[in-house]
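Open the model in your viewer with the whole chain visible, and keep a selection box at hand. The stops below go from the overall fold to single residues.

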Amino acid sequence: MVSSMAASTFFPASSSSLGQPVKSSKPFSGGPDSVDVRGIVAKPASSSGGLKVKTNAQSSPKINGTKVSLRKDGQMAEDDTLSSAPRTFYNQLPDWSMLLAAIITIFLAAEKQLTLLDWKPKRPDMLSDAFGFGMTVHNGLVFRQNFSIRSYEIGADRTASIETLMNHLQETALNHVKSAGLLGDGFGATPEMSRRNLIWVVTKMQVLVERYPIWGDVVEVDTWVGASGKNGMRKDWHVRDPLTGETIMEATSVWVMMNKLTRRLTKIPEEVRGEIEPYFVERTIIVDEDGRKLPKLDNDTADYVRKVQPHWCDLDVNQHVNNVKYIGWMLESAPISILENYELSSMTLEYRRECGRDSVVQSLTAVSTNYSDNPHDAAVECKHLLRLECGAEIVRGRTQWRPKQAHQLREAGFMPIRSS
């Protein structure tokens with residue numbers, strides 16, 4: 001009997017002889033302290049004096065130390081069909097899948113973090129500054145930053161637009177100030193400039209473009225600053241191919257200070273000069289600057305006139321139209337035949353007035369060199385003017401254009417569709 005009880009505890013039998021309760025042949029007489037053969041306390045005797053005790057041949061099973069509830073008399077039929085599979089040590093183990101999934105997730109997250117920290121270029125054209133954070137070189141006087149040409153930065157001829165390259169110049173200029181720890185709460189303003197409500201405004205810019213990068217190219221931009229007279233600052237840029245060292249673009253500019261509240265130009269305070277002079281470099285990227293005077297255009301001397309309306313997205317944090325936007329507006333009035341068959345090779349700009357959101361701007365262009373639709377013809381020069389409706393000048397400009405390599409573009413299938 002004892003052996004049957006022990007066997008049924010760990011290896012339940014499917015036969016009915018071990019799965020059903022067994023009644024004792026004789027009742028036990030006695031008081032409340034009487035127990036049955038399995039050590040279970042019996043119920044108190046009834047008033048009739050007799051006590052009947054039911055015993056179960058199958059003891060309460062324990063699985064991995066967990067006690068399984070005993071069956072009652074009214075549950076005999078239901079308990080017999082409760083589980084069809086026998087209870088074994090293997091299938092009663094806890095479910096470890098959730099714990100295993102959590103451990104795998106932790107290890108994968110840790111591996112990802114280590115991969116980012118220990119990132120190394122896998123191809124020679126992937127640069128150490130592939131994330132575009134920038135760095136200082138040449139004893140901290142030159143700031144260098146890399147840019148990848150995105151698909152939304154190219155134009156109809158599948159090369160980067162001039163606005164894209166100019167935005168790269170502006171971005172490196174601001175990051176240069178930031179890397180030097182001189183960025184205040186303004187748009188490129190130093191702490192002393194912010195205290196005096198001063199901002200930088202560009203007055204002149206000259207750009208030389210050797211070639212235009214295409215989608216997927218990486219360009220490397222170097223920038224540095226220097227003195228320009230007593231109350232100006234010169235900022236230069238050199239854009240090149242980081243793999244070959246080939247020059248892509250060169251640019252130089254002159255900046256002066258303006259009071260943000262009065263919108264008037266002002267001298268550089270000595271406190272501000274003390275902040276920026278330690279970073280001055282006596283080096284000019286463009287040796288032969290275009291010193292020719294830019295002529296004034298009007299409705300009689302201009303060949304093309306277009307009207308441009310500024311939008312909210314054209315403003316920068318200084319609450320005026322960003323200077324890069326002026327270049328796009330200036331080219332709005334250039335003839336489409338020039339844009340299709342020529343590419344911009346150089347540009348000289350003189351900024352004379354700022355422009356706000358509510359201004360209405362006119363774009364004027366005069367073609368000063370004869371040109372034709374044949375892209376193999378000589379270079380073309382244009383003069384430009386952006387002005388307000390009242391006649392006040394915003395920007396004067398001169399652009400030079402060289403013929404596109406039409407036969408190379410046509411062979412590669414890159415020729416833009418000619419507009420009607």
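The tour begins with the whole protein and then moves through a strand, a core and a loop.

**The whole chain.** Bear in mind throughout that this is a predicted model. With the cartoon shown, the secondary structure comes to 10 helices and 16 strands, and of the 420 residues 41% count as buried. If you draw the contacts with a separation of 6 or more, 67% of them join residues that are 24 or more positions apart. Switching to a surface, you are looking at about 25,000 Å² exposed by the protein, of which carbon and sulfur atoms supply 55%.

**Strand S15.** Select residues 380–388 next, which make up strand S15. Nine of its nine residues are buried, so the strand is largely enclosed by the rest of the structure. In a regular strand the side chains alternate between the two faces of the sheet. Show the side chains here, and Val380, Cys382, His384, Leu386 and Leu388 point one way, while Glu381, Lys383, Leu385 and Arg387 point the other way, and all are buried.

**Its partners.** Add residues 361–367, strand S14, which pairs with S15 in the antiparallel sense over seven bridges, and then residues 393–403, strand S16, whose antiparallel pairing with S15 runs over eight bridges. Which residues flank Leu386 in these pairings? In S14, Ser363 stands opposite Leu386, and in S16 its bridge partner is Val395. Follow the chain from S15 into S16 and you pass through a hairpin with four residues between the strands, where Gly391 takes a positive phi near 105°.

**The largest nonpolar core.** Now select Ile162, Met166, Met249, Tyr326 and Met347, which touch the most other members among the 56 residues of this core. Centre on Met347 and, leaving aside its neighbours within four places in sequence, display its contacts: Ile162, Met166, Met205, Gln206, Val207, Ile327, Met330, Arg398 and Thr399. Apart from this core lies another one, of six residues, among them Val137, Val142, Ile285 and Ile286.

**The loop between S5 and S6.** For the last stop, select His138, which lies in the loop between strand S5 (135–137) and strand S6 (142–148) and has a positive phi of about 55° although it is not a glycine. Asn139 has its place in that loop too, and its phi, near 60°, is again a positive value in a residue other than glycine. Is Asn139 buried or exposed? At 81% relative accessibility, Asn139 counts as exposed, because the cut-off for that class is over 50%.

How values were computed: Residues numbered from 1 in each chain as written. Predicted model: local features only at pLDDT ≥ 70, side-chain atom pairs only at ≥ 80, totals over all residues. Heavy atoms only, no water. Core = buried A, V, L, I, M, F, W, Y, C linked by side-chain atoms within 4.5 Å. Buried < 20%, exposed > 50% of the residue type's maximum accessible area, 1.4 Å probe, protein only. Contact = heavy atoms within 4.5 Å. Helix = DSSP H or I, 4+ residues; strand = E, 2+ residues; numbered from the N terminus. Areas by Shrake-Rupley, 256 points an atom, 1.4 Å probe, with all protein chains shown as cover. Pairing = 2+ DSSP bridges.
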